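Biologist: Hey, got a minute to walk me through this one? I'd like to go through the charged pairs and then a few odds and ends.
Modeller: Sure, put it up and fire away.

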Amino acid sequence: MKTEVCKLKGKGNDFSLVEKIVEKTAVYNDLGKKQGLQLRLLSEELVGMLPELLNRYSGEFWIENEGNNYEIHATVTSAVYNSEERNKVMSISSSGKNVATVGFMGKVRGIVDAMLLSMADADPMSVAPVMDAYYLDCPNDMLFSTWSLERYRMELQQLNETEKKEEYWDELEKSIVANLADDVIVGINGREVDIVIKKKF
């Protein structure tokens, strides 16, 4: 089953439609109270990270399921936005850093932003200023084609820097999404970046 698609554009979005989609999905599939709550929390966390991105891009939200396997989808579509414009936005910050990447979902948002920038500039290396948003050494072709929570966990286990390792595990432990989701996948699809939260009830 696939729900209706909710269009998301910049400021002034009515996120009550997202809530209605979640409620209808829970009722239609006869989810229990706990399962419905988890579906709502995951959806809220996903949509909650989008507003800053939607100031520059447009997006969509929907839910799909096959039996007990659920996928919460959001897509963000690339617009005319390049690294030069991004640097102007970042220059507003006194630190010159993207403070929006704080916390696990902030990092996911940073990954989405970097993927969109890699499309705008046609050069993944042009987003070097945000490479520190990923906190792990991985090949550029891997970073800018797909990213997953499952692989992130695996790579964290192999991270040698004890202090950073503890910091990143702590972020995962405090994250609603990292605790409830089976996986989170972020990938490039044409001119869009897809974010999918997977959950089996």
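Biologist: Let's start with helix 2. How far apart are Glu 44 and Arg 40 there?
Modeller: Glu 44 and Arg 40 sit 4 residues apart in helix 2, which covers residues 33–48, so about one helical turn separates them. Bear in mind that this is a predicted model.

Biologist: And what do their side chains do?
Modeller: The side chains of Glu 44 and Arg 40 form a salt bridge, with 2.8 Å from N to O. As background, an α-helix has 3.6 residues a turn, so residues three or four places apart point the same way.

Biologist: Are those two buried or exposed?
Modeller: In between. Glu 44 counts as partly exposed because its relative accessibility is 35%, and Arg 40 is partly exposed too, at 36%.

Biologist: How many salt bridges are there in the whole structure?
Modeller: The search turns up 6 salt bridges. One of them joins Glu 60 and Lys 7, at 2.3 Å from N to O.

Biologist: Which parts does that pair tie together?
Modeller: Glu 60 is in strand 2 (residues 58–66) and Lys 7 is in strand 1 (residues 6–9), so the pair ties together parts 53 residues apart in sequence. Lys 7 counts as exposed, with 54% relative accessibility.

Biologist: While we're in strand 1, what about Cys 6?
Modeller: Cys 6 belongs to strand 1 as well. Cys 6 counts as buried because its relative accessibility is 2%, and the cut-off for buried is under 20%.

Biologist: How far is Cys 6 from Trp 62 in space?
Modeller: Their C-alpha atoms are 6.3 Å apart, although Cys 6 and Trp 62 are 56 residues apart in sequence.

Biologist: Back to salt bridges. What does Lys 107 pair with?
Modeller: Lys 107 pairs with Glu 171, and their closest N and O atoms are 2.1 Å apart. This pair links distant parts of the chain: Lys 107 is in helix 5 (residues 104–121) and Glu 171 is in helix 8 (residues 162–174), with their positions 64 residues apart.

Biologist: Are Lys 107 and Glu 171 buried or exposed?
Modeller: Both Lys 107 and Glu 171 are buried.

Biologist: Where's the patch of negative charge on the surface?
Modeller: Look at Glu 161, Glu 163, Glu 166 and Glu 167, which gather in that patch. Glu 167 lies in helix 8 and counts as partly exposed because its relative accessibility is 40%.

Biologist: Switching to helix 7: which of its residues are buried?
Modeller: In helix 7 (residues 149–157), the buried ones are Leu 149, Tyr 152 and Leu 156. Looking down the axis of helix 7, these buried residues fall within an arc of 55°, so they line one face of the helix.

Biologist: What about helix 1? Where does Tyr 28 sit?
Modeller: Tyr 28 is in helix 1, which runs over residues 16–28. Tyr 28 counts as exposed, at 63% relative accessibility. Between the C-alpha atoms of Tyr 28 and Met 1 there are 9.9 Å, and the two are 27 residues apart along the chain.

Biologist: And Glu 19, buried or exposed?
Modeller: Neither. Glu 19 is partly exposed, with a relative accessible area of 44%, and its place is also in helix 1. From Glu 19 to Ser 43 the C-alpha distance is 8.2 Å, with their positions 24 residues apart in sequence.

Biologist: What's going on with phi of Asp 30?
Modeller: Phi of Asp 30 is near 55°, which is a positive value in a residue other than glycine. Asp 30 is in the loop between helix 1 and helix 2, and is exposed, with a relative accessible area of 68%.

Biologist: Last one. Where is Ile 188?
Modeller: Ile 188 is in strand 5, residues 183–189. Ile 188 counts as partly exposed because its relative accessibility is 31%. The C-alpha atoms of Ile 188 and Met 115 are separated by 7.0 Å, while the two residues are 73 residues apart along the chain.

Note on methods:
Residues numbered from 1 in each chain as written. Predicted model: local features only at pLDDT ≥ 70, side-chain atom pairs only at ≥ 80, totals over all residues. Heavy atoms only, no water. Helix = DSSP H or I, 4+ residues; strand = E, 2+ residues; numbered from the N terminus. Buried < 20%, exposed > 50% of the residue type's maximum accessible area, 1.4 Å probe, protein only. Salt bridge = Lys/Arg side-chain N within 4 Å of Asp/Glu carboxyl O. Patch = residues over 30% accessible without salt bridge, like charges linked within 9 Å, V, L, I, M, F, W, Y side chains within 5 Å. Areas by Shrake-Rupley, 256 points an atom, 1.4 Å probe, with all protein chains shown as cover. Lys, Arg positive; Asp, Glu negative; His and termini not counted. Charge placed at Lys NZ, Arg CZ, Asp CG, Glu CD. Arc of directions from axis to C-beta.
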